[in-house]
Structure formats: C-alpha cells, structure tokens
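Here is a set of exercises to work through with the model open beside you. Try each task before reading its solution.

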Amino acid sequence: MNKMNFKSKFSLFSKHNAHKTVDTDISPKDAINQNAIWFQSMEPISYAKNQTKGLYEINDTNIDEVDTKIFRDQLFKILKKQMDHNKKLIKNKFLATSDGSLNVGLNVILIDSLLKVIFKNSYFHSLGNKHYQFTLIAVGGYGRGELSPHSDLDILFLLPNKLRKNDTKKIENVIELILYILWDLGYTVGHSTRTIDDCIEKSRSDLTISTSLLEKRFVAGNNDIYDLLNNKFKTFIDNTKTLDFVEAKLKESETRHKRFGESRYVVEPNVKDGKGGLRDLHTLIWILKFAYKVDTISKLINVGALTKEEAVPFAEAQRFLLSVRCHLHYRANREDDRLAMDAQLEIAKSMNFKNTITHKDVERFMKRYFLATKTVGNLTRIFCAAIETEFNKPLRLSFLSFKKRENITPFSLEVGRLFSYEREILTENPINIIKLFYISHINNIDIHPKTLRQITSLRKLINLKVRQNVEANKMFLNILTSDKDPTRTLRLMNEANILGQFIPEFQKIVGLMQFDMYHSYTVDEHTIFTISNLHSLRSGKFSDFAPLTSSAILEIKSYKSLFVAMLLHDIAKGKKGDHSENGSLIASKICPRLGLNKEETKMVEWLVLHHLLMSKTAFRYELGDPKVIKNFAKQVRSIDKLKSLLALTVADIRGVGPDVWNDWKGALIKELYIKTYDLLKPPQEISKITEPLKSSKELLIRYLNNKGVNDLDIKAYCSKFYNNYWGTFNLPSVVNHYEIFTSMKNYSKKLEVYLSNDSKSKATELLVITPDHHGLFSQISGLVASSGYDIVSAKIITRSDGYALDTFFLQNKERKPISDINLRKKLIETITKGLEGNFNIEKALNIKWKEIPARFRAVKAPIRVIIDNKTSDQYTILDIKCKNAPGVLYKITKIITSLGLQINTANVSTYGDRVVDIFYLKNAFGSKVDDNTTIEKVKNSILEELKEIDYVNQ
C-alpha cells in the first residue's frame, strides 16, 4: 500500500482550503455515507475490523499443563512469537499509510485476541471449569477502542456482588496469573478489581472511575455480569445531573491546560495532554456519551448533537492527531507524546509532507497540526451549545460566564449571552457577524455557544462586499483600538475563522510555526499576544518592568496606527522575500480599507517595514558609538515614530515567549531610545527625562561624593574608563564595579570572578575582572560553555590601565538563572582555574558537545558572516549568525584571536537555537580591518568552523 498523502486525504488541511472546516458541497442535511473513510475512522476499532477482516489476531490455543511455572513459560513462548509477528505487521502497515485511526484500532483487536487467550487458559488452568465467575473489561482508551503502540493497558476485573470467600481467593489467583503473563510480555497494565456495586459506588465520588466506565467494553469472561454492570451504570447516569458531569470534565481540562501550557500554539506541543490535543477530544466524547446516553460517536449524528458539517472536521482532527501520536510512539519505541522539534522533522517526512518555495515540510506539517487543534477548540464550543440547547440551562464555567447589557440590536439575550434567534439576522446581513463581535467586546457580553456555532458555519458569508463595507471596518478597528483589551475578542474571531475571512492575509499566518527554538507560539497567536502587550503598556499594567515605554505610549499621536501596525507586523511571514517589506506593502492596501487616513497609513507602513530596527540596533551594535545612534536617528526621523517604535518593539519581544524579555535587553532598548530622543528633540524642548538619565559617570561621581570619597581618587578612578563604559552600564552596575575594584586593590588581588544575586532577573550576571590578554574573552566564554551554561549576552570593557571588565549574562539549559549555591561556587572555581591555566577547555567542551539533545541537533540554523566597515568610523564590525551550539562563541573568538585581531566589544544575542554575535574589531596596529585578504580569511575560517559545529551538516 502506498503511503498516505495527508494533503489529499484530509480536506480540512488542503493547501487551498486550509481555513475551511469542510468542503463547500457538504450540507448538514446531506445523507451520510457510512462507508466513507472519515465516518468509519471516528470509531477506530470498527474501522480496523472492516479494513482487515480478522487479520492481526492471536490464534486460539490450549495449554494443558498442571505446573504453573511450566504453564506460564509455554503460554508465553506461543504468545510472544505471535505478538512480535503481528505487531511488526501492524507497524509496517502504519508506516506505509500513516493512518492513526487504523493503527490504534488494529492494536485493540490484537490485544483483545491476546487477552481472550490469556483469560481462557489462565482460568481453566487455575479453576478447571468452563463457567466463568468474573469478567475482564477494557476501560479507558483501550475500552474506547483506541490503543497507541506503546500505551498502557487499562483493564477492569469485574466480580459479581456476592462471592464466597473461597471463590474470591481463587479468582484473585487467576487475576494474578493473567497480570504476570501480561507483564512477562512487556505490557504496563493499569488494572483494578471491583464488584458491580463497588463500581457504581466509586463512580459517585470519583470522576476518573465514572469516566473510565463510560468507555467500558466487554473482552472476556462472564457476559451476564458485564450486562448487569452496564444496566446499573446506565441507571447511575440517568440519575446524575448531566451538567454537573460536563462542568467537572471541562474544569478538569482547564486544570490540565494550565499544567501543559494554556495556549495550543506552543512550538513543542503535547499531542495527548496539550490544549487542543487528543485528551480534549476524549473529553468531548465523554461529555457527549454522558449527555446523550450513546455509546458511539456516529450515533451522536443520529440524535442531532452533531451535524455532518461538524462531524467531518471531528473525524479528521482525531485521525490526524492519532497519526501523529502513533508516529511519536514508534519513533521513541516507548510512550512519548511530546512533539519535539527533531520529532517534527522526522514525522513531517513520514507523513509525506513536501517542501514548497515558501514553506518547509516541517512548517506545513505543524501548521496542519495547529489547525487540527484549532478544530478541537471550535468543537468544544459547538458541543457546549448543543448540550445547553438540550438541557436549556447554561454551563457554569469561567469562560462561559456572562453579564447583561443593553443596546444589543439586532441580537437578543439568552441566559445573559448574545444570541441570534433567527438565522436570517446573519445570513441576510453578514455585516452583523462583525457586529456580533463588536457588541460583545464593547458591552462585555459573551456570545452564546449556539450563536458561535452558527457563525462558524456561516463564515464564508464574510466576502469581498463585507470586507469593503465601511461600517464593518469601523467596528473591527474599534475592537482593535478600544480601551478594553481586544485579545479575547480577536482570539475568538480567530478560533471561529472569522478573523481570517475578514482579513484574508491574516489567514495565511494562522497556525504558521516558525521552526526555531526562540519563538514559543505560532505567528497568529504571537500577533494576538503582542496586541495584548500593547494594551497592557497603554493601560499601565507593564509600568513596573517598562516604565519608560508605558509613559511614551501615552504620548504618541495615533493609537490606530500603532495597533494596526501590531496586527500587521508579521502578516507576511511565510511569504517569499523579506517579511517586513512584504508586510509594509500589505499594510498599504489594508489600512485605507480599515478607515485610516494617508498619514496614519504611512505610519503603519513605516512601522511594519522597520519593526525589527530598534531591537536589531540595540542588541547588535555598540550604543556608545555616536555613528550608530546617528544612523538609527536618520531612519526614525521623528519623536512620534521613535515612541511608536519603542512601544511596538517592547510588545513584540514580550510576545515571543515567556522568558525572552530580560532587564539587559530592556536597558539596551532604553539607552538607544534616550540617545536617539536627545538627537531628535527640538532644541527648545526641555526633556522630561534629562534629570534621571544623566550619564552613569555623573551619577557615580555624585554617589561617591556623598560617600565622602576624595575628589582626586574619584577622578583617577573614572579616568581609567573609556566613554563606551559609561554609556553601557547604569548606576547600580558602576557602583558595584567600583566596590569590586576597591576591594581588589585593598586585598592586592589581580583577579575577581563575581556572580550577581539578583533573583528577579531572567539571567545571572557574570563579571570577570582581570588583566587583559590576547584571547581572554574567548577563554572565558569557553569556560562558561564547558560548565554547561548559555551566554545570552556579553560585553567587553577594557580600561586604560590594561584591566579587562568582561560582563556575561548566563542561563542554564532551562533558560533560567543559576540559583543553586553549589553550582554557582563550582562555576566560579572553574573560571578561576581556567584563567590560572589549570583547566582543559577543549576536553570539557567535547563532553558537552556529545550531550547535545537530539531535538537541538535536528534544528538547522542558517549561517551568515558579514564584515561591515561602514557602520563604525573606528572599528570593523563582524556580524555572525549561526546555531547556538555549546562553545560556539569560544570557537569564533578563538579564530579571531588566532588571526591577530583585537576584540574591543562583543554583543551576544541569543534567540533560542540561534545566536547573533557582533564583534567590534581592530587589527594588531589598532586600525580597522580593511584589506581584502584578511577579510576573506576571517570569513572563510569562521564559516568552515561553523559548518563543523552545526550537527545537521555532519
């Protein structure tokens, strides 16, 4: 059988129809073809039985042996041989088709046949009669008919209510024998032994037990006992408040989401337990089975809880997620549900995804994955709507709680939520779909799930006419720029596929993953986060960590331009070419439609075009160099653009991921802003920020004067530092440096290694003060890397008396500061030993390189080496972009040193798996490196080294 091409088999994810739930020719009233693959795949065990007709089962056998040990050995040998053979056949079939629904169903069929043989032989061996006194029942996922290759077996040994003590003991012996054989075969078994009444009683108090019994399935033993439990459990469900169960399961999901990440759009999602994953689908199945008293998903269509239009995406999402999970299990040869980056690369190829001009195969695969999880979110709302309609009562959940407001025409209120009683309100005037979200946002009224169900099915009514409607655009712009945080409304519009319909260019970034270890979210989710960050800056919520930006954003001329630019800043990601340039062109078309005037549109175009300018300048270049500031100011040109770009930059960085922003980056952006502000402000303007932003030198002199330090001593100390030092560090840092230098002088120390104790920072500051020598920076970076830490940024400072003051910001492998006291002591000892010549850096780094995890090795980072002699008048700037492998900074700086070049300043910026290193260089004579021979030698030497340490190229 040929490998399945998921592009053609799963209409939900077709290239030209990625945002659609189903094909356009499908109507809810259409008759369902029960032979269709999508329909059959909803119930994997039935699907597998229909596909295989009795294949992949264990042959029945009889072991007639009295001795239990011999009996176990004989049965094990027979079963092991058949199991290995059949599991291999099932695996090969899956690798050929990538059909997860078929695979989990085949695994169930195989285990069912195995358990029947084990049960029969164990029972007869122990009790010697053919009248079964108890039952073996499949529960949980196995009971549901889904068993991934390395999942646990969940089984229930069901006993009748009244058993003699002697019989109970005999049955326990049989159960023990069954479990031993399963363990011998290598299975992890989740098992319980209960009477019928025990099951019902425990179901009243334990949600896990009642849930598992929803999916019980007879496997072997006494069928009458199973039927009795089935009848009693049905009575239990009939007497249980359905909405209580529903609310409990949804709250259980909310708790799980918090544990695994509340966004479904994380870069390395958990296929089973992550938001929008299989467990969320299972939750829907449990809810529907409990609410509608049905035992199969297909029956939900018959009772009207699920339309065909909704059942198709359900089936496709389930099948796709099961396929991904099966690939993960086979790949790891164990239960593994984390879709790590190296796994993404392999599974994309296994599932027959191909590279295109604009997207890698892995990016297309992950977009499909995120669209599947998005479908699960839509289905949750749909099912909540169906259940509320059925029981005529609202669910009491935090995300479904509502307040009554007035002025909601043409809509009504149903249990406090916006409701459309007549479908024609939406179909005859589709602008009301946008109006629905507008009223919801402005009046703080949530939308009834049933109405959300309607607009999801009517999304195609948002056509060119609606998109060009002045009123619709005005309402959308008001949502985006209102005083209330628009995040929740925008996310709901995105989940319902309305946002991408209204702005088609946005649809192209929905579910789009950037395959690196820096961006934590898909592009659409990142964009919504950044808009939320802008609102937090504007409302003062971020004043603690970004006071300057929180103040500046209140002084910009046009909030419209800023928020629209934030919405559009990454809208061209995934298109061929520079996404900033392409995004600016898109903005020029969208802004007039949204109602922005020419001036506002030009501002949006500029902000989108230059949205990376401030971060690139601040993090890569020496801000003590006046030419860098002048060049930046020439591009910005106005105070208003500067303030808008500041807000956009801070919000953008904060939206990349939870641990990306740090105080160091904040200080660099602040410094760039202040220096540029001073260049751009009108001569007559008195800067509001002049006083607190005096140079660190002035502030230190004032501080030391207050401490009673002699003026001559202060002057002598300050004269040893060049101007770039005072522009780099703030007052607390320069005070700390002064105290360290003073202590070193008092104790006649030539070397000091200092680690900061700031627990609030995202990184640990390492300060090394020692007499400068050729290769010092390289040596320190090598010692840090060999200790297992990442350098996220670094600065080199050399005093006029020859002392070096090298500052590094470090994180451990979990992207956190080094807090353990013993680890901090060990790092200081390692650096001290290394600087004294008593540590083998190369040997230690070789060990670290071997410890690189596979997920990191799999990510290929582009390599770029640029030599720039234009940006600075005094220095040659070496700009390197590459993979952030252990010791890469050490390797690069070692080459620079070996070529006889001097590193005056180094700016290190880490972006997950990638690093951008900027070095300010001079040759041995103190001049710029301007001869072509040396330039080519530097470039070629570094490129060759970088290719060697990029493991993807090996």
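**Exercise 1. Determine the handedness and geometry of the H38–H39 crossing.**

Solution. Start with the sense of the crossing: H38 passes H39 in a right-handed crossing (right-handed if the near helix is turned clockwise from the far one by less than a right angle, left-handed if anticlockwise). Helices here are DSSP runs of H or I with at least four residues, strands are E runs of at least two, and both are numbered from the N terminus.

Before going on, note that this is a predicted model, in which local features need pLDDT of at least 70 and side-chain atom pairs count only at pLDDT 80 or more, while totals for chains, interfaces and linings use all residues. Residues are numbered from 1 along each chain as its sequence is written, and side-chain values use heavy atoms, with hydrogens and water left out.

Next, the geometry: helix H38 (residues 776–786) and helix H39 (residues 821–835) have axes 9 Å apart and pack at an angle of about 145°. Axes are lines fitted to C-alpha atoms, for helices over the stretch in contact, and angles run from 0 to 180 degrees between N-to-C directions.

Finally, list the residues that meet, with contact meaning heavy atoms within 4.5 Å. H38 brings Leu776, Gln779, Ile780, Leu783 and Val784, and H39 brings Thr830, Ile831, Gly834 and Leu835. By class, the contact of H38 with H39 has six nonpolar, three polar and no charged residues (nonpolar: Ala, Val, Leu, Ile, Met, Phe, Trp, Tyr, Cys and Pro; charged: Asp, Glu, Lys and Arg; polar: the others, Gly among them).

**Exercise 2. Classify the angle between H3 and H5, and sort their contact by class.**

Solution. First, find the axes: those of helix H3 (residues 44–52) and helix H5 (residues 100–127) come within 7 Å and cross at roughly 85°. That makes H3 roughly perpendicular to H5 (65 to 115 degrees; under 35 counts as roughly parallel, over 145 as roughly antiparallel and the rest as oblique). Then turn to the side chains: by class, the contact of H3 with H5 has nine nonpolar, four polar and two charged residues. Among the residues that meet are Tyr47 and Lys49 in H3, and Val104 and Asp112 in H5.

**Exercise 3. Follow H30 from its helix partner to the sheet.**

Solution. Begin with the helix partner. The axes of helix H30 (residues 613–620) and H32 come within 8 Å and cross at roughly 75°, which makes H30 roughly perpendicular to H32. Met614, Ser615 and Phe619 of H30 make the contact with Leu642, Leu645, Leu646, Thr649 and Ile653 of H32. By class, that contact of H30 with H32 has six nonpolar, two polar and no charged residues.

Now look at the sheet. This open sheet of four strands has the order S11-S12-S14-S13, with antiparallel pairing; two strands pair if DSSP finds at least two bridges between them. Its edge strands are S11 (864–868) and S13 (902–911), each pairing on one side only. From one strand to the next, the twist averages 15°. S13 and strand S14 (residues 914–922) run antiparallel and are joined by nine bridges, and Tyr911 has Arg914 in S14 as its bridge partner. H30 packs on the sheet, touching S11, strand S12 (876–883), S13 and S14, and its direction makes about 135° with that of S13.

**Exercise 4. Describe the surroundings of Arg654. Is this residue buried or exposed, or in between?**

Solution. Locate Arg654 in helix H32 (residues 639–654). At 33% relative accessibility, Arg654 counts as partly exposed (buried means under 20% relative accessible area, exposed over 50%, partly exposed in between, with a 1.4 Å probe and protein chains only). Leaving aside residues up to four places away in sequence, Arg654 touches Asn533, Phe542, Phe545 and Trp661. The C-alpha atoms of Arg654 and Ser532 are 10.0 Å apart, with 122 residues of separation in sequence.

**Exercise 5. Find the backbone features in three loops.**

Solution. As background, most residues other than glycine have a negative phi, and most peptide bonds are trans.

- Asn444 has a positive phi of about 60°; Asn444 lies between helix H18 (431–443) and helix H19 (449–457) and is partly exposed at 41% relative accessibility.
- Asn497 has a positive phi near 65°; Asn497 sits in the loop between helix H22 (487–495) and helix H23 (499–502) and counts as buried at 5%.
- Thr409 and Pro410 are joined by a cis peptide bond with omega about 15°; Pro410 is in the loop between helix H16 (361–391) and strand S5 (412–414).
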